[in-house]
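Student: I should like a close look at a single strand of this protein and at the parts that surround it. Please take the strand that you consider suitable and describe its setting in one connected account.

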Amino acid sequence: MTTIDSSADAYTSIDDLSVDLVDGVLAVTLNRPDSLNSLTAAMLKGIGDALEQAAGDPRVKIVRLGGAGRGFSSGAGISEEDHANPGANGTPADVLDAANAAVRSIVNLPQPVVAVVQGPAAGVGASLALACDVVLASEKAFFMLAFTKIGLMPDGGASALIAASVGRHRAMRMALLAERIPAAEAYEWGLVTAMYPADQLDAEVDKVVATLASGPVAALRKTKHAINAATLVELEAALEREKQGQLMLLESNDFREGTKAFQQRRAANFTDS
């Protein structure tokens with residue numbers, strides 16, 4: 001249940017996404033733990049809607065973005081269930097558009113956004129986490145751009161967000177080779193803000209959130225805007241490039257083969273078609 005002032009508008013939780021405002025902290029939680037919080041178009045739209053509301057809400061001092069269960073997010077849903085229910089979960093193009101809108105909402109939100117990554121952050125789930133201003137990870141977390149494994153390219157602004165944090169060659173390694181980057185390596189690279197032992201993550205997150213929630217609102221907002229303006233100058237162009245490229249790849253035989261191989265847990269036989 002969302003905790004709000006009786007005179008203010010409530011934040012709306014939807015299936016698979018909970019939104020709660022307590023003491024100035026808007027907690028947005030991906031709540032599909034059985035699939036490691038795989039993302040649907042509705043979930044991504046819910047993130048964007050909540051942050052759009054938060055942008056003009058003086059009660060919200062900080063946003064905490066996390067995932068239920070043992071992971072942050074495994075990325076866009078490509079399970080048999082997802083493909084069997086395109087109307088409920090959105091077509092791949094719907095998910096792409098909603099993901100780009102969610103990333104824009106995180107970056108453009110005046111208030112700081114803290115990502116809490118206790119386990120896997122893969123695909124567009126990694127893009128969501130890395131769009132945040134502060135990324136706090138468990139030692140058990142890892143980051144992975146798994147797109148090329150199914151014949152796709154990174155999206156959700158990953159080509160700009162990751163390169164801005166770790167540089168061109170490390171971004172290429174993540175994007176082209178689709179390797180898991182463990183939390184310790186992600187921290188060494190500068191991909192995440194801090195890494196903690198798994199049993200200390202929640203307590204450390206609470207400390208960071210409390211510090212930001214009690215900080216000078218105007219100064220925090222102007223600082224976020226200034227750093228993003230200086231480092232993410234290519235984000236909007238990247239989102240458009242990724243969208244156009246991804247829409248072409250979504251129509252390819254390689255994507256169909258990659259998805260089928262993923263579902264059948266076998267190596268894909270790509271044919272460049």
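Tutor: One term is needed at the outset: a residue is called buried when its relative accessible area is under 20%. The model is a predicted one, and the part chosen here is strand β2, residues 25-30. Six of the six residues of β2 are buried, so the strand is largely enclosed by the rest of the structure. In a regular strand the side chains alternate between the two faces of the sheet. In β2, Val25, Ala27 and Thr29 point one way, while Leu26, Val28 and Leu30 point the other way. Residues of both sets are buried.

The partners of β2 come next. Strand β1, residues 17-22, runs antiparallel to β2 and is joined to it by six bridges. Within this pairing, valine 22 is placed opposite valine 25 of β2. The hairpin that β1 and β2 form has two residues between the strands, and aspartate 23 adopts a positive phi near 50° there.

Strand β3, residues 62-67, is also joined to β2 by six bridges, but the two run parallel. Leucine 30 faces glycine 67 of β3 across this pairing. The connection from β2 to β3 passes through helix α1, residues 41-55, and forms a right-handed β-α-β crossover. Alanine 27 of β2 stands opposite arginine 64 in β3. Like β2, strand β3 is mostly covered, with five of its six residues buried.

From β3 the pairing can be followed to strand β4, residues 113-117, which is parallel to β3 and linked to it by three bridges. Here leucine 65 has alanine 115 of β4 opposite.

The side chains of these strands may now be placed in the interior. In soluble globular proteins, nonpolar side chains tend to be buried together. The largest nonpolar core of this model has 66 residues. Leu26 of β2 is listed among those with the most contacts inside that core, as are Leu44, Ile47, Val117, Leu128, Phe143 and Ile162. For valine 117, setting aside neighbours within four places in sequence, the residues in contact include Phe72, Ala129, Val135, Leu136, Phe143 and Leu201. A second, separate core has 12 residues, among them Val25, Ile62, Val134 and Ala194. Val25 and Leu26, which point opposite ways from β2, are thus found in two places: Leu26 in the largest core and Val25 in the separate one.

Two of the other core residues lead to further elements. Leu128 belongs to helix α5, residues 124-131, of which eight of the eight are buried, so this helix too is largely enclosed by the rest of the structure. Phe143 falls within strand β7, residues 142-144, which is parallel to β5 and joined to it by three bridges. One bridge partner pair in this pairing is alanine 122 and methionine 144 of β7. The open sheet to which β7 belongs has three strands in the order β5-β7-β8, with mixed pairing. Its edges are β5 (120-122) and β8 (181-182), each with a single partner strand, so one side of each has no neighbour in the sheet.

Finally, the aromatic rings: zero aromatic pairs are found in the whole structure. Arginine 180, however, lies over the face of phenylalanine 142, at 4.1 Å from the ring centre.

Key:
Residues numbered from 1 in each chain as written. Predicted model: local features only at pLDDT ≥ 70, side-chain atom pairs only at ≥ 80, totals over all residues. Heavy atoms only, no water. Core = buried A, V, L, I, M, F, W, Y, C linked by side-chain atoms within 4.5 Å. Buried < 20%, exposed > 50% of the residue type's maximum accessible area, 1.4 Å probe, protein only. Contact = heavy atoms within 4.5 Å. Phe/Tyr/Trp six-rings, centres within 6.5 Å; stacked < 30°, edge-to-face > 60°. Lys NZ or Arg CZ within 6 Å of the ring centre and 35° of its normal. Helix = DSSP H or I, 4+ residues; strand = E, 2+ residues; numbered from the N terminus. Pairing = 2+ DSSP bridges. Right-handed = clockwise from strand over helix to strand, strands pointing away.
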